[in-house]
Amino acid sequence: MSVGISYPLVSSGVPAACAVIERRFAMDVPFLDVKNQYAPIRDEVLAAITNVVDNEYMCLCNGPSVRTLEAEISAYCDSSHGVAVSSGTDALLCSLMALGIGAGDEVITTPFTFGATTGTIARVGAKPVFVDIEPDTFNIDASKIEAAITDKTKAIMPVHLYGQVADMDEIMAIAQKHNLHVIEDAAQVIGATYKGRKAGSFGTTGCFSFYPTKNLGAMGDGGLITTQDDEVADKLERTRNHGQTGAYIYGWVGGNFRMDSMLAAVLSVKFKQLEGYTARRIATAAKYDELLADCDGVITPTVREHNKCIFNQYTIRVPNRDDVRAKLGEKGVPSVVYYPLSMHQQPCFASLGYSTGDFPESEKAAAEVLSLPIEPELSDEQISYVAETIKSSL
Ligand SMILES: *Cc1c(COP(=O)(O)O)cnc(C)c1O
C-alpha cells in the first residue's frame, strides 16, 4: 500500500496530509493522487519538458508540441480538427464566441452540471434554458428538449456526465430539424463512445478538459475543441487568438485561449497512457458494481447498452447521502458530491426566474449522488475497502 500525499482537491472531511503523518485508518484511499500518476512516467515527462525548454520556449499555439497534441487528440476523438485551448471552460467559451452566440440568444442545457457549462453561456450574454435530466444516466432528457425551443434558441449544449455520452441521435435530429448548433460539453468523456462513435464527434464542436481530475489530466489547466467543420476550425483558431483575421486585425472579439507548449508536451506523454487509465477505471467500476450489487439502498450507475462509459466518476445514489458521506470520511474513504445544487437554484442565476421544483429529477439527483474514488492507481484492496466501508455506513 503506497502512502502518498493525497492532494485535497476536495474536502473529504479529513486533512489529506494526515495520511502521511499517522495512519488513522485501516487503509488510506486517495480520491486523487497526482504524484502517484506521474511516478511511472516521470523521466518521460521531464524529457518532454526539457525538449520544450531547449527548442520551443516561445512557441505558443502554433508550436510543434501544441500541433502534435491537436493531431493526436482529434484523431482519437474521430474528429477532423482539434484546437487546443487554455481550459475546458475556455473550450466552451471559445465555441460560443466563434459561433457568434450572444445577447438575445438562448442555449438549451442541463441544470445538473458544473458551473462552467452555464457560466460560459451567461458570459457571452446568452440565456441558459434548462431541461431536466434522465434519472438513471443523469444526462439531459432529450425527449424534453423540443418543448424548450423558442425562436431565440441558437444551440443545444448537452453535458456528457461522469463519462457517459448523452442521447446524441435524438439531440442531433432535433438540432438538424430546428437548425441549431450542438456544443458538446465533453469535459468528462474523452474516449467514451455512443453507438461506436467517439464523444465530441457529433456536434458543431466538442469541448474537452485536461483539468487534473479528468481522465486525461494535465499539469495545470488545458482544454481542446474538436470539430468536423473546416470553417468552424478556422474560426476557433482565430477566436483563440483574440479573433485576429490578420496581424492585429480583429474580425470579431475573441480572447487569449491559447495552450502553452509545455502543457501540450506533457499531455502528449500522458496521452499514451490514456487507454490504460480508462481500462483500469472501467475495471474498477465493474468491481464496485459487483461488490455493491447486494447493497440495499445503493443504486449503482446505469450505462446504456450502446454506450462505452469511461467512468470519469463512479457515482452512486444513496437516500441518506450526507450521513453516509460523513461516515465514509470517518473511516478514511473520501467521496465527493458532484453536484450538490442544481443550476436553476444557484444564486448567480436567480434572475432567470426558475424555482425549486422546476426540475425535480435534477434536484433529486443533487440530494442523492455520491462519487467514489476511481482513479486508475487504486489497488484492488482499496476498492474492496471502499465497498465494505459503504456497506457498514448505510
Ligand atoms: C471540468 C468541467 C468543465 C470545465 O473544465 P476546466 O478545464 O476545469 O475549465 C466543464 N464542464 C464539465 C462538465 C466539467 O466537468
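A polar contact is a pair of N or O atoms within 3.5 Å, where pairs within protein must also join an atom able to donate a hydrogen to one able to accept it, and residues adjacent in sequence count only if both atoms are side-chain atoms. The model is predicted, so that local features need pLDDT of at least 70 and side-chain atom pairs count only at pLDDT 80 or more, while totals for chains, interfaces and linings use all residues. Residues are numbered from 1 along each chain as its sequence is written, and side-chain values use heavy atoms, with hydrogens and water left out.

**Exercise 1.** Determine which side chains make polar contacts with the ligand, and how much of the ligand the protein buries.

*Solution.* Begin with the nitrogen: one such atom of the ligand is 2.8 Å from an N or O atom in the side chain of Asp 185. Turn next to oxygen, where a polar side-chain atom of Gln 188 lies 2.7 Å from an oxygen atom of the ligand, and an N or O atom in the side chain of Lys 214 is 2.9 Å from a ligand oxygen. Finally, of the 380 Å² that the ligand exposes when taken alone, the protein buries 93% (accessible areas by the Shrake-Rupley method with a 1.4 Å probe).

**Exercise 2.** Describe the shell around the ligand by residue class.

*Solution.* The ligand is surrounded by 16 residues (a heavy atom within 4 Å), and the closest include Gly 88 and Ser 209. Sorted by class, the shell holds six nonpolar, eight polar and two charged residues, with Ala, Val, Leu, Ile, Met, Phe, Trp, Tyr, Cys and Pro counted as nonpolar, Asp, Glu, Lys and Arg as charged, and the others, Gly among them, as polar.

**Exercise 3.** Work out the strand order of the open three-stranded sheet and identify its edges.

*Solution.* The order is E7-E6-E12, with antiparallel pairing (strands are DSSP runs of E, at least two residues, numbered from the N terminus, and two of them pair if DSSP finds at least two bridges between them). Strand E7 (197–198) and strand E12 (307–308) each have a single partner strand, so one side of each is left without a neighbour in the sheet. Strand E6 (residues 193–194) pairs with E12 over two bridges, and Thr 193 stands opposite Lys 308 in E12.

How values were computed:
Helix = DSSP H or I, 4+ residues; strand = E, 2+ residues; numbered from the N terminus.
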